[in-house]
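Visitor: I would like a close look at one part of this model rather than a quick tour of everything. Please pick a single piece, show me what surrounds it, and tell me how far I can trust what I see.

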Amino acid sequence: MNEEKLLSKGYEFAEVEEKWLGRWRESGCFSATMDAGKPSFSIVIPPPNVTGVLHVGHALNNTLQDILTRYHRMCGYNTLWVPGTDHAGIATQNVVERQLAGEGKNHDDLGRDAFIEKVWAWRVENGGSIINQLKKLGASCDWERERFTMDEGLSKAVMVRPCFTTNLPLQGSLTKVKLFYLIILLHGTDVSYKRLMPPSASGRSQVYE
């Protein structure tokens, strides 16, 4: 029996992923077209942070998007699934500042313009990990239309709106939102944990290690 035709004993994911990803790219089957007379379906991927890697939540979320996209494509729709990543400004700054700290420097030593260049350089060198993982998963995005939230034109389309209704000035509201966002983004890295006992009769929580 010809050994080349035998199925491997285990699932060789690296071989399978490269094979099908290459075939799909060559055929252009994920490229969106606009044919007159056909209904259209488009979806924009909720952009994952450029600093991150895929987790099970991404896998579930993008699988559902992929199902919808492939279904409409097979139904003959003009179908577009736009891929991209979010600049994750605070998290990205944190990563770059850690690198600078390793060199005994900080962003003040570089100055604003040089620091921004450093951030963009990091994005070009390391920011493609999560996109490559999506490709390996077989996500049927139109990869020629990949966007980044800091791309020229795309960033100009973003409008700032108050996130909640208060009597506080907009600047104060945005500062509160930014601080809350910072805490969430750095969760698990720069946050110190302390356990709290149930509130005592005085209404205060007791801290213990």
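Guide: Happy to, and one definition comes before the walk: helices (H or I, at least four residues) and strands (E, at least two) are DSSP runs, numbered from the N terminus. With those names, the elements of the protein chain follow the order α-β-α-β-β-α-α-α-α-β-α-β-β from the N terminus on, a set of seven helices and six strands. What you see is a predicted model, in which local features need pLDDT of at least 70 and side-chain atom pairs count only at pLDDT 80 or more, while totals for chains, interfaces and linings use all residues. Residues are numbered from 1 along each chain as its sequence is written, and side-chain values use heavy atoms, with hydrogens and water left out.

My choice is strand β2. Here pLDDT, the predictor's confidence in each residue from 0 to 100, helps us: among the elements of the protein chain, β2 has the highest mean value, 94, and strand β6 (residues 207–208) the lowest, 45. The mean over the protein chain is 76, with 70% of its residues at 70 or more.

How well covered is β2? Five of its five residues are buried, where buried means under 20% relative accessible area, exposed over 50%, and partly exposed in between (1.4 Å probe, protein chains only). In a regular strand the side chains alternate between the two faces of the sheet. In β2, Asn78, Leu80 and Val82 point one way, Thr79 and Trp81 point the other way, and all are buried. For comparison, 24% of the 209 residues of the protein chain count as buried.

Next, the neighbour. Strand β1 (residues 40–44) and β2 (residues 78–82) pair in the parallel sense over five bridges; two strands pair if DSSP finds at least two bridges between them. Along this pairing, Phe41 has Thr79 as its bridge partner in β2, and Val44 has Val82. β1 has a covered face, with Phe41 and Ile43, and an uncovered face, with Ser40, Ser42 and Val44.

The link between the two strands is worth following. β1, helix α2 (residues 56–74) and β2 form a right-handed β-α-β unit: with the strands pointing away from the viewer, the path from the first strand over the helix to the second runs clockwise.

Now zoom in on Thr79, which is part of strand β2. Thr79 counts as buried because its relative accessibility is 6%. Setting aside residues up to four places away in sequence, Thr79 touches Ala32, Phe41, Thr69, His72 and Arg73, a contact being heavy atoms within 4.5 Å. Of these, Thr69 is ten residues from Thr79 in sequence, and their C-alpha atoms are 6.8 Å apart in space.

Trp81 leads us to helix α2, where Asn62 lies. Asn62 has a relative accessibility of 8% and therefore counts as buried. Beyond four places in sequence, Asn62 touches Ile45, Trp81 and Leu134.

Before β1 in the chain comes helix α1 (residues 13–27). Its 15 residues should span 21 Å (the expected span is 1.5 Å times one less than the number of residues), and the end C-alpha atoms are indeed 21 Å apart, so the two values agree. Just after α1, Gly28 adopts a positive phi of about 65°. Further along, the loop between α1 and β1 holds Asp35, which is partly exposed because its relative accessible area is 32%. Asp35 and Gly76 are 41 residues apart along the chain, with 9.9 Å between their C-alpha atoms.

Stepping back, 69% of the contacts in the protein chain between residues at least 6 apart in sequence join residues at least 24 apart.

One caution to finish. Over residues 160–174 pLDDT stays under 50, and the model has eight contacts beyond four places in sequence for them. Where pLDDT is low, the predicted coordinates should not be read in detail.
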